Amino acid sequence: MNEQAIGHWAYEWLLSLGFDADISSKLTLVINVLILIIISLLVDLVARSVILRLVTIYVKRSRNTYDDIFLEKNVFQSLAHVIPAGFIHYSVPFLFEEIEVISLVQKLISVYIILVLMNVASKFFKAVEHIG
């Protein structure tokens, strides 16, 4: 799938409404970004609700008490934020044509993922401290 496949319908629709080609191109990008944000929010919702629900069920059934503390300290909840960021990271090439823009956005997303993982590590070590 290429970048035209996603934005083509919006571009053609905007042209059919009488918009100029340049404006249609820019509005198509805005529409694609909004769709990406909405889908990312849905991915985040699924990650936090479904996956965390499954992890919670597993943790509650487990005899090990350490995983209960990790759940209580929101380690798994923080880790779930990596999933939508990864989705955005891999979706960006479908929205932008310029390699420089793709590279910049993916680097920014990578920095966000690193910050999330640092937060997860911090919560993990606080949970370990609580255990010990």
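## The nonpolar surface patch

Which helix supplies the largest share of the nonpolar patch? In this predicted model, that share comes from H2, which contributes 4 residues. The patch lies on the surface and is formed by Trp9, Trp13, Leu17, Phe19, Ile23, Leu27, Ile35 and Ile39, whose accessible area together is about 720 Å². Helix H1 (3-16) joins helix H2 (21-61) in supplying at least two residues each to the nonpolar patch.

Isoleucine 23 belongs both to the patch and to helix H2. Its relative accessible area is 41%, so isoleucine 23 is classed as partly exposed, a category that spans the range between the cut-offs of 20% for buried and 50% for exposed.

## The nonpolar cores

In soluble globular proteins, nonpolar side chains tend to be buried together. The largest nonpolar core in this model consists of 6 residues, namely Ile69, Phe70, Val75, Val116, Val120 and Ala127. Helix H3 (66-72) and helix H6 (99-131) each provide at least two residues of this core, and the greatest contribution, 3 residues, is that of H6. A second core, separate from this one, has 5 residues, among them Val92, Leu95, Phe96 and Ile102.

Two of the residues of the largest core, Val116 and Val120, are also touched by serine 78, which in addition meets Asn119 and Lys123 when residues up to four places away in sequence are not counted. Serine 78 is placed in helix H4 (residues 75-79), and because its relative accessible area is 6%, serine 78 counts as buried.

## Phenylalanine 70 and the aromatic cluster

Phenylalanine 70, a member of the largest core, has a relative accessibility of 15% and therefore counts as buried. Once its neighbours within four places in sequence are left aside, phenylalanine 70 is in contact with Val75, Phe76, Phe124, Ala127, Val128 and Ile131.

The structure contains 2 aromatic pairs. In one of them, the ring centres of phenylalanine 70 and phenylalanine 124 are 5.0 Å apart and the planes lie at 15°, so this pair is stacked. The pair links distant parts of the chain, since phenylalanine 70 is in helix H3 and phenylalanine 124 is in helix H6, 54 residues apart. Phenylalanine 124 also pairs with phenylalanine 125 in an edge-to-face arrangement, with 5.4 Å from centre to centre and 75° between the planes.

Phe70, Phe124 and Phe125 thus make up one aromatic cluster. Within this cluster, phenylalanine 70 is buried at 15%, phenylalanine 124 is partly exposed with a relative accessible area of 34%, and phenylalanine 125 is exposed at 55%.

Technical notes:
Residues numbered from 1 in each chain as written. Predicted model: local features only at pLDDT ≥ 70, side-chain atom pairs only at ≥ 80, totals over all residues. Heavy atoms only, no water. Core = buried A, V, L, I, M, F, W, Y, C linked by side-chain atoms within 4.5 Å. Buried < 20%, exposed > 50% of the residue type's maximum accessible area, 1.4 Å probe, protein only. Contact = heavy atoms within 4.5 Å. Patch = residues over 30% accessible without salt bridge, like charges linked within 9 Å, V, L, I, M, F, W, Y side chains within 5 Å. Areas by Shrake-Rupley, 256 points an atom, 1.4 Å probe, with all protein chains shown as cover. Salt bridge = Lys/Arg side-chain N within 4 Å of Asp/Glu carboxyl O. Phe/Tyr/Trp six-rings, centres within 6.5 Å; stacked < 30°, edge-to-face > 60°.
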